Amino acid sequence: MAVTIKDVARLAKVSVGTVSRYLNGHRVTEQNRVRIERAIKELDFRVNPIAKTLRTNRSMTVAVLVPSLSNIFSMSIIENIERYLEPHGYSVIVCSCSNDPAKEREKLEFVKSKAVDGVIVMPVSDQGSHIEEVAAGELPVVLIDRLTSDFQTDAVVVDNTNAVYHAVEQLIIRGHRHIGLIAGPQSIYTARERLEGYRRVMADYGLPIDPDLIVYGDYQAGTGHDLMKKLMTQSRPPSAVLVSNYEMTIGAITCLQELGTKIPEDLSVVGFDHLELSVVVNPPLAVVVQPREQIGTQAAKLLYRRLSGDKNNYPTLVRLKTEFVEGRSIASII
């Protein structure tokens, strides 16, 4: 027999009306919210989307737009967005924008035509005016991972500057002075922040910045491979390199294996994004780990607040901390 709203109310020890208000996006007390969510999870209750749409004039769908579905980082975030919104009766439509601003606009117009209730976007580039234009104040929008320079809205991002600052500082503390950086495209917010973290820590420790040690990629594995080779074939190669995203880290490690470069005896390496790297690479790699689960969950919570009619503190910027996992890929040269 299907679980009903009455079953949820009975287990949560609240009225049917209270459960109904909660499911329709209205505020309930914090105590009742916790009880209802616990009962929904325990009973595996699912809202009838057709019936709810008729009652609320909502589609009960949310769109998530990301630059690429081949990115493990993006997929993990999407999973956690869906995990949070599903118990609230929302389905998730996922769109890849193929790292193309024109495609991003096209997908935004598509999901708006499907009458989605809100949108979560990982912007393709620094430009976001088209997102604002398509949303036109009708759709709640939450940006994730990246901010845009010309459109302010709710957003959940990582403290990229301090993440890279701390990672490079660990290299400096261990005696490294000739430190390379494989940076991302400077049209993207995260890449600029990570470069700023590198520049800031070098300046704070009074170390000169060698332009030849900063190379710029497109966040793809092949580029990481080629840029690591470029750094290592210089007349004076770096003693340590930080690679600023997951895909380029994979490519960079592959290059070092091909060159026969030993980690950390010949080169100290710090990667980015995934704790899994510290396990599958030998020796275990030092990595800057982004809070993927928190990014997805916080973005979903923020969007759900707006869908529930809570307009307080708009726009809200949530900035999350990273974790540095030391691994064994950093040698001390003091």
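In the predicted model, Tyr304 has a relative accessibility of 11% and therefore counts as buried, since residues under 20% are placed in that class. Tyr304 forms an aromatic pair with Tyr90, in which the ring centres lie 6.2 Å apart and the planes meet at 85°, an edge-to-face arrangement. Tyr90 belongs to the loop between helix 5 and strand 2 (91–96), whereas Tyr304 belongs to helix 13, so that this pair ties together parts of the chain that are 214 residues apart in sequence. Tyr90 is likewise assigned to the buried class, its relative accessibility being 3%.

The number of aromatic pairs found in the model is two. In the pair of Tyr84 with Tyr304, the centres of the rings are separated by 6.4 Å and the planes are inclined at 70°, so this pair is edge-to-face. Distant parts of the chain are again brought together, as Tyr84 is located in helix 5 (residues 72–85) and Tyr304 in helix 13 (residues 292–307), with the two positions 220 residues apart in sequence. Through these ring pairs, Tyr84, Tyr90 and Tyr304 are linked into a cluster.

Helix 5 also holds Met75, a residue whose relative accessibility of 38% places it in the partly exposed class. Together with Leu69 and Val94, Met75 makes up a nonpolar patch on the surface, and the accessible area of the three residues together amounts to about 220 Å².

Two aspartates in loops were also examined. Asp117 is situated in the loop that runs between helix 6 (101–113) and strand 3 (118–121), and with a relative accessibility of 11% this residue counts as buried. A polar atom of the Asp117 side chain lies 3.3 Å from the backbone nitrogen of Ser59. When residues up to four places away in sequence are left aside, Asp117 touches Arg58, Ser59, Met60, Thr61, Tyr90, Leu139, Pro140 and Leu307; this list includes Tyr90, which is also a member of the aromatic cluster with Tyr84 and Tyr304.

Asp145 occupies the loop between strand 4 (141–144) and strand 5 (154–158), and its relative accessible area of 4% places it among the buried residues. The side chain of Asp145 is joined to that of Arg146 by a polar contact of 3.4 Å. Beyond residues up to four places away in sequence, the residues touched by Asp145 are Phe73, Met122, Val156, Val157, Tyr189, Thr190 and Gln290.

With regard to the protein as a whole, the model contains 13 helices and 12 strands, and the C-alpha trace spans about 70 × 40 × 35 Å along its principal axes. Of the 334 residues, 55% count as buried. The protein exposes about 15,400 Å², of which 50% is supplied by carbon and sulfur atoms. Among contacts with a separation of 6 or more, 68% are accounted for by residues 24 or more positions apart; the pairing of Tyr90 with Tyr304, whose parts of the chain are 214 residues apart, and that of Tyr84 with Tyr304, at 220 residues, likewise join positions far separated in sequence.

Note on methods. Residues numbered from 1 in each chain as written. Predicted model: local features only at pLDDT ≥ 70, side-chain atom pairs only at ≥ 80, totals over all residues. Heavy atoms only, no water. Phe/Tyr/Trp six-rings, centres within 6.5 Å; stacked < 30°, edge-to-face > 60°. Helix = DSSP H or I, 4+ residues; strand = E, 2+ residues; numbered from the N terminus. Buried < 20%, exposed > 50% of the residue type's maximum accessible area, 1.4 Å probe, protein only. Patch = residues over 30% accessible without salt bridge, like charges linked within 9 Å, V, L, I, M, F, W, Y side chains within 5 Å. Areas by Shrake-Rupley, 256 points an atom, 1.4 Å probe, with all protein chains shown as cover. Salt bridge = Lys/Arg side-chain N within 4 Å of Asp/Glu carboxyl O. Polar contact = N/O pair within 3.5 Å; in protein donor to acceptor, adjacent residues only side chain to side chain. Contact = heavy atoms within 4.5 Å.
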